[in-house]
Amino acid sequence: MKRVALLGATGSIGRQAIEIVQLHPELELCAASSGSTPLDDVDAPHTQVGGDLTELLERAEPDVVLNAVVGFAGIHATLWALEHGVDLALANKESLVAAGTLALDAQRRGGGRILPVDSEHSALFQCLEGRAPEQVDTLVLTGSGGPFRGRTRDELAAVTVDEALAHPTWRMGPKITVDSATLANKGLELIEAHFLFGVPYERIEVVLQPTSIVHSLVRFRDGAALAHLGYPDMRVPISYALTYPERAATPLAPLDLSSLTLEFHAPDLETFPLLRLAREAGERGGTYPCVFNAANEAAVAAFLDGRLPFLGIAEAVAEALARAGGEPARDLDDLVEVDRAARAILVS
């Protein structure tokens, strides 16, 4: 029996994770949390709405923590799992974006294993498994391009919230859906991939694959490339992370190859500058990735509340990065202060 602590149980990932746990008798939901939504319909011995997630984890004593918390708020749970040698099924990409160095230090101390849940990173993890690092040439992250692929900046000036939330292939929460529309999500995934797999930024590429069938690829030094294909359904990477290394069955239909048309496009970095800004933040290192994440979170919240236009999200992030010092964080307290200062720029 594998005891699962589910953080972010009422979101899209959380609901699908509960379905996976119910399908597999070898999985037991030992704890569940949400930010503010009641957990009346969640059957777990330890539940918590708000509050300190590490206290919940201490009580629950899980074998695996599925961290599906949205944003910077998930960092404490990520560090707890890694420090305590507990498997971390990571859907909270912000943990590695904002606290990559601190998280890897915690992993070295505690021995916790990271099992990525984002479909792209799960795909890379599977394509890389058992391969020596020197065999790898390039990681290729794919993305749908969101609802505005092919539009010009002028055409994005009057984008509404409803338009930004109409993702063509995935059904996700509002924050990540807006991130997909701006390509900030690919930027966050780029930084996450760097920390997850130890590959330098110049060897991580992003391409658009509109149908979301190819979840990512790895190019090897001999000229071969391995790709992970599947329908856009998060139950697959969730199940893989929770049942690893067993690869348990899911209720999805087999991939019908005869019905597929696969095309790839380069991202438009002029129209969608957040992907470029994320790469620059990652390459600069220090706390620049934390600043990128914090400013983007605050700007997306302002857009969803009607306080900022769609194009203003990238402008706010660029301003925060220009003002930041970027010095490395010595500890989590330093990182929390960097996060706070970056968010404050929107209200200054």
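**Notebook: strand β5 and the salt bridges**

I began with the strand pairing and found that β5 and β6 pair in the parallel sense over three bridges, and I kept in mind throughout that this is a predicted model. I then followed the connection between these two strands: the chain crosses from β5 through α4 to β6, and this β-α-β crossover is right-handed. Looking for the residue registry, I noted that the bridge partner of Leu88 in β6 is Ile114.

On the β4 side, I looked up strand β4 (residues 64-67), which pairs with β5 in the parallel sense over four bridges, and I saw that Val64 stands opposite Asp87 in β5. Here too I recorded a right-handed β-α-β unit, made by β4, helix α3 (residues 75-83) and β5.

Next I asked myself which residues of β5 are buried on one side and on the other. I found Asp87 and Ala89 buried on one side and Leu88 and Leu90 buried on the other, so I entered both faces of β5 as covered.

Asp87 held my attention, since its relative accessible area is 14% and it counts as buried because that is under 20%. I looked for a charged partner and found that the side chains of Asp87 and Arg113 meet in a salt bridge, at 2.7 Å from N to O. Arg113 lies in the loop between α4 (94-110) and β6 (114-116), whereas Asp87 belongs to strand β5 (residues 87-90), so the pair ties together parts that are 26 residues apart in sequence. For Arg113 I noted 36% relative accessibility, which makes this residue partly exposed.

I then turned to the other salt bridges, of which the count comes to 20. One of them joins the side chains of Glu28 and Arg3, at 3.9 Å from N to O. This pair links distant parts of the chain, with Glu28 in strand β2 (residues 27-34) and Arg3 in strand β1 (residues 2-7), 25 residues apart. I have both partners down as partly exposed, Glu28 at 31% relative accessibility and Arg3 with a relative accessible area of 24%.

For a pair within one helix I looked up Arg340 and Glu337, whose closest N and O atoms are 2.6 Å apart in a salt bridge. Both residues lie in helix α14 (residues 332-344), three residues apart, about one turn of the helix. Arg340 is partly exposed at 46% relative accessibility, and Glu337 is partly exposed at 40%. My last entry concerns shared partners: salt bridges of this kind join Glu19, Asp233 and Arg235 into one network.

Methods
Residues are numbered from 1 along each chain as its sequence is written. This is a predicted model: local features need pLDDT of at least 70, side-chain atom pairs count only at pLDDT 80 or more; totals for chains, interfaces and linings use all residues. Side-chain values use heavy atoms; hydrogens and water are left out. A salt bridge is a side-chain nitrogen of Lys or Arg within 4 Å of a carboxyl oxygen of Asp or Glu. Buried means under 20% relative accessible area, exposed over 50%, partly exposed in between (1.4 Å probe, protein chains only). Two strands pair if DSSP finds at least two bridges between them. A crossover is right-handed if, with the strands pointing away from the viewer, the path from the first strand over the helix to the second runs clockwise.
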